[in-house]
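Let's take a friendly walk through a protein model. Keep the sequence and the 3D view open while you read.

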Amino acid sequence: MDQICVVTTVVDARSVADVLAAAAVAGRLAACAQVGGQVDSTYWWRSGVETSTEWSVQFKTAPDRLSALVDQIRVSHPYEVPEILVSTVESGDPAYATWVHEHTRP
C-alpha cells in the first residue's frame, strides 16, 4: 500500500481546473488535487503549431481507483484529445500512502 498514482492533465481555464479537481476529490476518486499556475504550452494541433496558456491539475489516487479517475477526467475534459499522464510512485511516507488509500474509498 506504499504506492500511489499521480495523474496529471492540463486545461485552458482556471475555472475548469478547479471543477475537475473538486469533482475528483468529492467523488473520492482522488484524495487530493492540486491546481498549478499558468503554463504556456506549445504543441502540434491540426497540422500547425499552436501556443496557449493552460493550467495543470495533479491528482493523487490509490492504484485501485486509477481507472475510474481517468475515466472521469476523460469524460469531463473540454479537450478533444486530453493529456492524461499517469505515474505510479512509491510514497516517501507510508502514512501518506495510507491516507491516500483511505480517502479514495467510495
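What follows goes from the whole fold to a pocket and then to a few single residues.

First, some ground rules. This is a predicted model, in which local features need pLDDT of at least 70 and side-chain atom pairs count only at pLDDT 80 or more, while totals for chains, interfaces and linings use all residues. Residues are numbered from 1 along each chain as its sequence is written, and side-chain values use heavy atoms, with hydrogens and water left out.

**The overall fold**

The protein has three helices and four strands. Read from the N terminus, the order is β-α-β-β-α-β-α. Helices here are DSSP runs of H or I with at least four residues, strands are runs of E with at least two, and both are numbered from the N terminus.

How big is the box that the C-alpha atoms fill? Along the principal axes, it comes to roughly 45 × 25 × 20 Å. The radius of gyration is 14 Å, which agrees with the value near 13 Å for a compact globule of 106 residues. That radius is taken over C-alpha atoms, and the globule rule is 2.2 Å times the number of residues to the power 0.38.

Now for the contacts, which mean heavy atoms within 4.5 Å. Take those between residues at least 6 apart in sequence: 74% of them join residues at least 24 apart.

As for the surface, about 6,000 Å² is exposed, and carbon and sulfur atoms supply 53% of that. Such areas come from the Shrake-Rupley method with a 1.4 Å probe, and for residues only the protein chains shown count as cover. Buried residues make up 31% of the 106; buried means under 20% relative accessible area, exposed means over 50%, and partly exposed is in between (1.4 Å probe, protein chains only).

**The largest pocket**

The largest pocket holds about 310 Å³ of space. Of its 13 lining residues, Tyr43, Trp45, Glu54, Tyr79 and Val81 are the closest to the centre. Two elements, β2 (32–45) and β3 (48–61), each give two or more residues to the lining, and β2 has the largest share with four.

A pocket is an open set of points on a 1 Å grid over the protein atoms alone, where a 1.4 Å probe fits and protein lies on both sides within 12 Å along at least five of seven lines; lining residues have an atom within 4 Å of a point. Points are joined across faces, edges and corners, and the volume is the space filled by probe spheres set on them.

What classes of residue make up the lining? There are seven nonpolar, two polar and four charged residues. Ala, Val, Leu, Ile, Met, Phe, Trp, Tyr, Cys and Pro count as nonpolar, Asp, Glu, Lys and Arg as charged, and the others, Gly among them, as polar.

**Four residues to click on**

| Residue | Place | Relative accessible area |
|---|---|---|
| Ala97 | helix α3 (94–102) | 1%, buried |
| Val100 | helix α3 | 0%, buried |
| Arg28 | loop between α1 (14–26) and β2 | 34%, partly exposed |
| Ser47 | loop between β2 and β3 | 76%, exposed |

Which residues does Val100 touch, leaving aside neighbours within four places in sequence? Its contacts are Ile4, Ala31, Lys60, Thr61 and Ala62. The C-alpha atom of Val100 lies 35 Å from that of Thr51, 49 residues away along the chain. For Ala97 and Asp40, 57 residues apart along the chain, the C-alpha separation is 32 Å.

The two loop residues have backbone angles to look at. Arg28 is not a glycine, yet its phi is positive, about 60 degrees. Ser47, also a residue other than glycine, has a positive phi near 70 degrees.
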